[in-house]
Amino acid sequence: MEHLEVEGETAAERAKLCAGGGGSEDCLSALPDDLLLHILRDLPTAAAARTSVLSRRWRCLWALLPNLYFFPSHNPDSVRGALAALEAMSDDKGPPLRYLFVFPSHASPDSLAAWFPIAARCLAGVLIFDLAAATVAREDGRDTFELPCFNRATELRLGLGFLSVTLPPSGVFTRLTDLSLEELHLHGPCGIGEAVSSPRCPSLQTLKVLNAQGLGNFAIHSESLLKIKLENSCGLQQLTIVAPALKELTVFYCFAHDSNPSQPVADIAAPQLVSLHWRDAYHPSSVQFGEMAQLELLGATFFLVDEADGYEHNRDCVRLLRHFEDVSTLTLQLAYMPEEDIEEDLGEHHYLMEDMARLPYVTFLTLLITAKGHSFGASSFHVLRTCTSIRKLMLIFSSSLHLEAEPACASGCFCDHPPNWKTEELVLNRLREVEINYLKGTEHDFALVKRLFSWATALKTMAISFHISITESMAKELCQRILGFCKPDICLKFYVYHHFCKKVLYVPED
């Protein structure tokens, strides 16, 4: 009834205004709810909540906002206060909370325990919570924080600042489709695999666990999951995934983490998997992939071209490449040691590309090159020689944003050996399309591009995007140089970056 009285009061006020009333009358409150809510949306959440003291008309108005935002400038207690007020005012007629963004300046287990359960009861949408900019206090009275069950939330993106967290031992995340946990320090009897499997997350489609600790034995059984990404999570002892609908799987430095390397033990049952990025330790005796007849894309860990301790690292990459006979797309990274590291002891470094004796049958090769100032023609030639079936090639030159930050290769460096790549014939007669990203215009770059034109006898198109630091005037000079050794029947496109956005620079006329 109070709502009706407020509406009646508003109607009377409007009538008075229309009759010519003025002076100190509340003109703003005479506006319709939709317009007032539009005004409140532009206010910080804490400020919007404070408008409830203006009049009975405003008392519950802010609670109709579907999105609430809390930034580091807000008092940490304002999150608990606003959510508690929202819960107290909510009824079945009001819209549920759709979006909650909390980016605090301070956090502790007690402070999070004060408002997370309220958020779990109110939220029927997305929670984004991040402690990246927060001072995290580890209190003596409470060592861990228990994450409540969000039974109506659809997406949770939680950056937990390595605060000790226990997962809820019971409850169902009924509507949750997307879960991202970053900087998670897991404690307690409930493992993450148990919490995200189908009995408790029946709608989950995307799971990301980044920079986590304490995963232990991670076993997922999910009928709904489509995408899983596990990255930089040390302490993983065993990984079990049974996911009949899974399409994408990424495992990045969980077993081979520098701080705690371990023997990889994994059993992956994902018959519908399309994309596999396994940038981690691998041994066929302890990592079982199961049947993957639908697999189209394989991403392997980086391969050290020339490094004293590279044999053991490269062994995992070589084993993985040998396991798969046929994938349409392969992503491979070649990495060189920085020049200063090589100069310390030239006698200890060896050319390791010969260890990569075979690659899967592929039609699309993405080759990432982290050259650190070295020549990469010989190593690139070796890779292309082992997969002459490719129809499309993408080269990505990885480097710093500023060219001067990357030292030039020292005179007499053996990175350009064996030198036969400059003269030996290579026929890539199926290669139709080449895309080159972040071309810097060094002599090493031009040496490889020039050879590509001679190797790819059926090449139709080549698109070249210059490095971010290359200006338009510099890029035009580089274009002319490339056009000098390009065949006339090849369609060339050049791109430059302007404010980090790629734009077309030049398309030669026929």
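Arg 319 is partly exposed, because its relative accessible area is 23%, and partly exposed covers the range between 20% and 50%. The model is a predicted one. Arg 319 forms a salt bridge with Asp 316. The closest N and O atoms of this pair are 3.7 Å apart. Both residues sit in helix H8, which runs from 310 to 323. They are three residues apart, about one turn of the helix. Asp 316 is on the other side of the cut-off. Its relative accessible area is 16%, so Asp 316 is buried, since buried means under 20%.

By the rule used here, the count of salt bridges comes to nine. Another one joins Arg 157 and Glu 155, with 3.9 Å between the closest N and O atoms. Arg 157 is partly exposed at 40%. Glu 155 is partly exposed too, at 22%. Next, look at Glu 231 and Lys 229. Their side chains meet in a salt bridge of 3.5 Å, N to O. Glu 231 has a relative accessible area of 22%, and Lys 229 has 28%. Partly exposed is the label for Glu 231 and for Lys 229.

Now step back to the whole chain. The protein has 510 residues, and buried residues make up 46% of them. It has twelve helices and 27 strands. Take the contacts with a separation of 6 or more: residues 24 or more positions apart account for 64% of them. The protein exposes about 23,700 Å². Carbon and sulfur atoms supply 53% of that area.

What about the inside? In soluble globular proteins, nonpolar side chains tend to be buried together. The largest nonpolar core here has 140 residues. Which of its members touch the most others? They are Leu 100, Phe 150, Leu 239, Trp 278 and Phe 466. Helix H6, residues 109–122, gives the most to this core, with seven residues.

Follow Phe 150 for a moment. Leave aside its neighbours within four places in sequence. Phe 150 is then in contact with Phe 116, Ala 119, Ala 120, Leu 123, Leu 127, Leu 156 and Phe 173. Phe 116, Ala 119 and Ala 120 are also among the buried residues of H6. Others on that list include Pro 109, Leu 112, Trp 115, Ile 118 and Cys 122.

H6 has 14 residues. From its first C-alpha to its last, H6 reaches 20 Å, close to the 20 Å expected at 1.5 Å a residue. Yet H6 bends by about 25° at Trp 115. A proline, Pro 117, follows within four residues.

Helix H11 spans residues 443–455, which makes 13 residues. How far apart should its ends be at 1.5 Å a residue? The expected span is 18 Å, because the rise is multiplied by one less than the number of residues. The end C-alpha atoms of H11 are 18 Å apart, which agrees. The buried residues of H11 include Phe 446, Leu 448, Leu 452 and Phe 453, but also the charged names Asp 445 and Arg 451. What do the buried residues of H11 pack against? Helices H10 and H12 are on the list. So are strands S23, S24, S25 and S26.

Trp 421 leads back to this helix. It lies in the loop between S23 and S24. Is Trp 421 buried or exposed? It counts as buried, because its relative accessibility is 2%. Not counting close sequence neighbours, Trp 421 is in contact with Leu 448, Arg 451 and Trp 455, among others. Those three are also among the buried residues of H11. Gly 377 is another contact of Trp 421. Trp 421 and Gly 377 are 44 residues apart in sequence, but 7.0 Å apart in space, C-alpha to C-alpha.

Thr 331 offers another buried site. Its place is in strand S21, residues 329–336. Its relative accessible area is 18%, so Thr 331 is buried. Thr 331 touches His 277, Leu 298, Gly 299, Ala 300, Thr 366 and Leu 368, not counting residues up to four places away in sequence.

Finally, check two backbone angles. Phe 162 has a positive phi of about 60°, although it is not a glycine. Phe 162 lies in the loop between strands S7 and S8, and is partly exposed at 27%. Tyr 438 has a positive phi of about 65° and is not a glycine either. Tyr 438 sits in strand S24. Its relative accessible area is 28%, so Tyr 438 is partly exposed.

Terms used
Residues numbered from 1 in each chain as written. Predicted model: local features only at pLDDT ≥ 70, side-chain atom pairs only at ≥ 80, totals over all residues. Heavy atoms only, no water. Buried < 20%, exposed > 50% of the residue type's maximum accessible area, 1.4 Å probe, protein only. Contact = heavy atoms within 4.5 Å. Core = buried A, V, L, I, M, F, W, Y, C linked by side-chain atoms within 4.5 Å. Areas by Shrake-Rupley, 256 points an atom, 1.4 Å probe, with all protein chains shown as cover. Salt bridge = Lys/Arg side-chain N within 4 Å of Asp/Glu carboxyl O. Bend = angle between axes of the 7 residues up to and from the residue.
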